[in-house]
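Here are a few short exercises to work through with the model open. Try each task yourself before you read the solution.

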Amino acid sequence: MIALHDAALSYGERTLWRGLTLHVAAGEFLVVLGSNGSGKTSLLKVLLGLQRLSAGTVTVNGRRPRRGSDLVGYVPQHKSVPPHTPLRARDLVRMGIDGHRWGPWRPQGETRRRVEDVLGDVGAAQFADVPVELLSGGELQRVRIAQALATDPRILLCDEPLASLDAEHQQTVTELIARRRRTHNTAIVFVTHETANVLPHADRVLDLAAPHDSAALPA
Ligand SMILES: Nc1ncnc2c1ncn2[C@@H]1O[C@H](COP(=O)(O)OP(=O)(O)OP(=O)(O)O)[C@@H](O)[C@H]1O
């Protein structure tokens, strides 16, 4: 699903990581750790086709990463939404389906059903029509996961999805994501600083603060 070979990422003179060789298979749950600024988000950007490597190679689903791929879902870092955002939960999820300008055209009924299904999958059906600015942090994060899953991706990239959630919601959100890999064989790349709830689900841990030629360590 994901293959990096001898990969390096530098911004100007500053190298964040190098010598990174890593394979993530279908259904695998990879946890990415590392201190602030170690390049975790930058790694996800590489996989999303938003950032080029400085050296080495990367493929996602056997191809060079490209923006807006339906095969890759992305759960961003938790942030509250700006006040007066004129969107309901279901609108946010729908943007995961037809937010890509060049995405395939889908009939409206089909899109509506898919939005209902995916909101149901993450236990968010009851707040489908609630304006996103009124959702709690944990509710909003479920909706963001639904948005990321809306195109039925084969790979799910999660960027600190637990930040600023309480312990109970951290557990709920982690279990939602872990369930997805069991039910759909989705590969998960999970960037986090919160290890307690997440490490029990991990197949492997990549520590970007560790020496990079031994970066992919068994969990
Ligand atoms: N486009 C860019 N140009 C130059 N420097 C950048 C760019 N993007 C990120 N950086 C820098 O690279 C470093 C790594 O950033 P990144 O967001 O990948 O770290 P991170 O490991 O996700 O950190 P955190 O845990 O704080 O979220 C940071 O110091 C950041 O300021």
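**Exercise 1.** Work out how many helices and strands the protein has, and in what order the elements run.

*Solution.* Start with the count: the protein has five helices and nine strands. Bear in mind that this is a predicted model. Now walk along from the N terminus, and you get β-β-β-α-β-β-α-α-α-β-α-β-β-β.

**Exercise 2.** Decide whether the radius of gyration of the protein agrees with that of a compact globule.

*Solution.* First, the expectation: for 219 residues, a compact globule would come out near 17 Å. Next, the protein itself has 17 Å, so the two agree. For the extents, the C-alpha trace spans about 50 × 40 × 35 Å along its principal axes. Finally, look at the contacts between residues at least 6 apart in sequence: 71% of them join residues at least 24 apart.

**Exercise 3.** List what surrounds the ligand and sort the shell by class.

*Solution.* Go round the ligand and you'll meet Y11, L16, G34, N36, G37, S38, G39, K40, T41 and S42. Sorted by class, that's two nonpolar, seven polar and one charged. Then ask which element gives the most: helix α1 (residues 40–47) does, with three residues.

**Exercise 4.** Is E139 buried, exposed or partly exposed?

*Solution.* Find E139 in helix α4 (residues 137–149). Count neighbours: 19 other C-beta atoms lie within 10 Å. Buried takes 20 or more, so E139 is partly exposed. Leaving out residues up to four places away in sequence, E139 touches A124 and F127. As for R182, 43 residues apart from E139 along the chain, the two C-alpha atoms are separated by 22 Å.

Note on methods
Residues numbered from 1 in each chain as written. Predicted model: local features only at pLDDT ≥ 70, side-chain atom pairs only at ≥ 80, totals over all residues. Near = placed C-beta within 6 Å. Helix = DSSP H or I, 4+ residues; strand = E, 2+ residues; numbered from the N terminus. Nonpolar A, V, L, I, M, F, W, Y, C, P; charged D, E, K, R; others polar. Rg over C-alpha atoms; globule rule 2.2 N^0.38 Å. Contact = placed C-beta atoms within 7 Å. Buried ≥ 20, exposed ≤ 12 C-beta atoms within 10 Å, placed from the backbone.
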